Amino acid sequence: MHLYLDSADANELARVLPSPLVAGVTTNPTLMRRAGLGWDGLPDLVRRLRELGVTTVHVQVRHADTDGMLRDAREYLALGAGTTVITKLPATRAGFAAARALTADGAPVTMTAVVEPEQVLWSALVGARYAAPYLGRMDESGRDGLAVVGAMQAVARAYGTAYDPALRLLVASIRSREAFRDLLRLGVGAVTVPVPLFEALTTHEATLAAERAFLADAS
Ligand code: G3P
């Protein structure tokens, strides 16, 4: 399981990083806008994340055509220097074309805004490392998000393992501890959670109470 944090806010991320539990950070243009970050702020964000021990960062393209996506990706890949930049591409025909061009050159990609199981297969076919469905958004649109993710996981298991590295679902838009646990039951290969949910998932009152009692006895 690869656990990511979904945020473009370095101050928020600094509340919980460095952490041995975290594989990296996922961003998107909406998260960057919310963090008050323009594209010219991306190099600084990557540098600050590196200082926080983050060596894998997902950065989404900002064009809809294949050539534009490839220009974006080359710009992001140049940020490298100690950081693995994984280009996030929407799961459109243009996105899959850009993904194939990038993976042919050995660059890692994540297909994002994945809403149907067949898009997981397309992601495997272009050699993507991750396919990212949005669980909460699917639920909020009236679908049974967990059932859809389950069908996607079946595709990843059946077809994604033929590739090296194997394709993993990277489930995003996770709203609660219960939703996170549901995903564990499905056995998805990666999730990305907002920082407040990560804080909740790694804070256990009974553990803290037991620790306090032990510390009292130790003194
Ligand atoms: O990475 C995608 C994720 O940020 C979407 O989450 O909360 O906007 O549905 P949300």
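Okay, let's start at P18, which sits in the loop between α1 (10-13) and β2 (24-26). Helices here are DSSP runs of H or I with at least four residues, strands are runs of E with at least two, and both are numbered from the N terminus. The peptide bond from L17 into P18 is cis, with omega near 0 degrees. There's another cis bond from D164 to P165, again with omega near 0 degrees, and P165 lies in the loop between α8 and β7. For context, most peptide bonds are trans.

Quick housekeeping. This is a predicted model, so local features need pLDDT of at least 70 and side-chain atom pairs count only at pLDDT 80 or more, while totals for chains, interfaces and linings use all residues. Residues are numbered from 1 along each chain as its sequence is written, and side-chain values use heavy atoms, with hydrogens and water left out.

On to the ligand. Who's around it? The surrounding residues are D6, N28, L31, K88, Y134, R137, A172, S173 and R175, where a residue counts if one of its heavy atoms lies within 4 Å. Let me pick out some polar pairs, meaning N or O atoms within 3.5 Å; within protein, one has to be able to donate a hydrogen and the other to accept it, and residues adjacent in sequence count only if both atoms are side-chain atoms. R137 has a polar side-chain atom 2.7 Å from a ligand oxygen. For N28, a side-chain N or O atom is 3.1 Å from an oxygen of the ligand. And S173 puts a polar side-chain atom 2.7 Å from a ligand oxygen. On its own the ligand exposes 310 Å², and the protein buries 87% of that; those areas are Shrake-Rupley with a 1.4 Å probe, and for residues only the protein chains shown count as cover.

Stay on S173 for a second. Where is it? In the loop between β7 and α9. S173 is buried, at 11% relative accessible area; buried means under 20%, exposed over 50%, and partly exposed in between, with a 1.4 Å probe and protein chains only. Its phi is near 60 degrees, positive in a residue other than glycine. A113 does this too, with phi near 55 degrees, but A113 is in strand β5 and is partly exposed at 36%. Most residues other than glycine have a negative phi.

Now the helices. In α6 (residues 117-125), the buried residues are P117, Q119, V120, S123 and A124. Why do they end up on the same side of α6? Because they cover an arc of only 155 degrees around the axis, taken from the directions from the helix axis to the C-beta atoms. They pack against α5 (93-104), β5 (109-114), β6 (130-133), α8 (145-159) and β7 (168-171), contact here being heavy atoms within 4.5 Å. Just past α6, G127 takes a positive phi of about 80 degrees.

α5 buries A94, G95, F96, A98, A99, L102 and T103. Their cover includes α4 (66-77), β4 (84-90), β5 and α6. As a sanity check, the twelve residues of α5 should span 16 Å at 1.5 Å a residue, and the end C-alpha atoms are 17 Å apart, which agrees; the expected span is 1.5 Å times one less than the number of residues. After α5 comes G106, with a positive phi near 85 degrees.

V126 ties those two helices into the picture. It's in the loop between α6 and β6, buried at 9%, and beyond four places in sequence V126 touches F96, A99, R100 and T103. M111, in strand β5, is buried at 0%. Among the contacts of M111 outside four places in sequence are G95, F96, A99 and S123.

Last helix: α9 (residues 177-186) buries A179, F180 and L183. Those fall within an arc of 100 degrees, so they line one face of the helix. They pack against β1 (2-6), α7 (135-140), α8, β7, β8 (190-193) and α10 (195-201). Right after α9, G187 has a positive phi of about 75 degrees.

One more: T83, in the loop between α4 and β4. Buried or exposed? T83 is buried, at 8%, and its side chain makes a 2.8 Å polar contact with the side chain of R50.
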